[in-house]
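Biologist: I'd like to walk through this protein with you, one question at a time. Shall we put it on the screen?

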Amino acid sequence: MMFYKYRGSQQAGQINYVSKKIATCVRLITCFDSFAGVLNVRRNKINLENPSTLLVVYNLQISKDFYVNVLGLEVIEEFAGGVKLNIGNHEVYMFQGGMESIEYEHGYNANSTLVFTVEDLDKQIEELKSKGVVFVHKSPNQNKWGRYAAFKDPSGIVHELMEFFTRQVV
């Protein structure tokens, strides 16, 4: 874009005025395009807040009893063929399936696992074993975040107890 300046004339003032207005408009359009781009990114973003878990179980009544009476989840709602449970700030939707979980090697085959945070892993393992819970490993395992122990629900779905390491002040 080319701007002409005429010295000492009324036209020079008008042209300078118009050129300033055009520059302001260009800046506004640029800002609007940037803002519209941000809006477009936000508009296309998938809302992934408040995740919940879906469990398809072999026997809904046995599984409901296990998750409520053994693991301590709370029943929020029951409906034909399903139950909505809650633990902490997490919802678990459980539906009646037709088969037990497919046998897989936990930690190696792709799968989903609920991880229950505990403060004393060994105590929780003993408590769940006393209630008939079957653990996958003979003793707890460890990774960079803490110690964990995998167990099976009545449908053969594997979940874990996790005792996180405490952060050390340096």
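Modeller: Let's fix one word before we start: contact means heavy atoms within 4.5 Å. Keep in mind that this is a predicted model.

Biologist: Okay, let's try that word out on S63. Which residues is S63 in contact with, leaving aside its neighbours within four places in sequence?

Modeller: S63 sits in helix α2. Buried means under 20% relative accessible area. S63 has just 1%, so S63 is buried. Leaving out neighbours within four places in sequence, its contacts are V57, M94, P154 and S155.

Biologist: Let's zoom out a bit. What pattern does the protein follow along the sequence?

Modeller: The secondary structure has three helices and nine strands. Put in the order you meet them along the sequence, they read α-β-α-β-β-β-β-α-β-β-β-β.

Biologist: And how much of the protein counts as buried?

Modeller: Start from the outside: the protein exposes about 12,800 Å², and carbon and sulfur atoms supply 54% of that. As for residues, there are 170 in the protein, and the part that counts as buried is 26%.

Biologist: Now the inside. Which element gives the largest share of the largest nonpolar core?

Modeller: In soluble globular proteins, nonpolar side chains tend to be buried together. Here the largest nonpolar core has 24 residues, and L55, Y67, L71, F135, F151 and L161 have the most contacts inside it. At least two core residues come from each of β1 (53–57), α2 (60–70), β3 (82–87), β4 (90–96), α3 (121–130) and β8 (146–152). The largest share, four residues, belongs to α2.

Biologist: F151 was on that list. What does F151 touch, not counting residues up to four places away in sequence?

Modeller: F151 is one of the residues with the most contacts inside the core. With residues up to four places away set aside, F151 touches F66, L71, F116, V133, V134, F135, V136, I157, V158, H159, E160 and L161.

Biologist: What about empty space? Which residues are the closest to the centre of the largest pocket?

Modeller: Rolling a probe the size of a water molecule over the atoms shows where empty space is left. The largest pocket holds about 280 Å³ of space. Its lining has nine nonpolar, six polar and one charged residues, and β1 gives the largest share with four. Of the 16 lining residues, the closest to the centre are L55, S101, Y104, S112 and I157.

Biologist: Then there's the second largest pocket. Which element gives the most to its lining?

Modeller: This one has a volume of about 170 Å³. Its lining is V70, L71, I87, F116, T117, V118, Q124, E127, L128, K131 and L161. Two elements give two or more residues to that lining: β5 (115–117) and α3. With three residues, the top contributor is α3.

Biologist: One last residue, M162. Is M162 buried or exposed?

Modeller: M162 is in strand β9 (residues 158–164). Not counting residues up to four places away, M162 touches V115, F116, T117, V118, N143, W145, G146, R147 and Y148. The cut-off for buried is under 20% relative accessible area. M162 has 4% relative accessibility, so M162 counts as buried.

Biologist: And how far is M162 from P140, going by their C-alpha atoms?

Modeller: Along the chain, M162 and P140 are 22 residues apart. In space, their C-alpha atoms are separated by 9.4 Å.

Key: Residues numbered from 1 in each chain as written. Predicted model: local features only at pLDDT ≥ 70, side-chain atom pairs only at ≥ 80, totals over all residues. Heavy atoms only, no water. Core = buried A, V, L, I, M, F, W, Y, C linked by side-chain atoms within 4.5 Å. Buried < 20%, exposed > 50% of the residue type's maximum accessible area, 1.4 Å probe, protein only. 1 Å grid on protein atoms, 1.4 Å probe; cavity = no way out; pocket = protein on both sides within 12 Å on 5 of 7 lines; lining within 4 Å. Points joined across faces, edges and corners; volume = space filled by probe spheres on them. Nonpolar A, V, L, I, M, F, W, Y, C, P; charged D, E, K, R; others polar. Areas by Shrake-Rupley, 256 points an atom, 1.4 Å probe, with all protein chains shown as cover.
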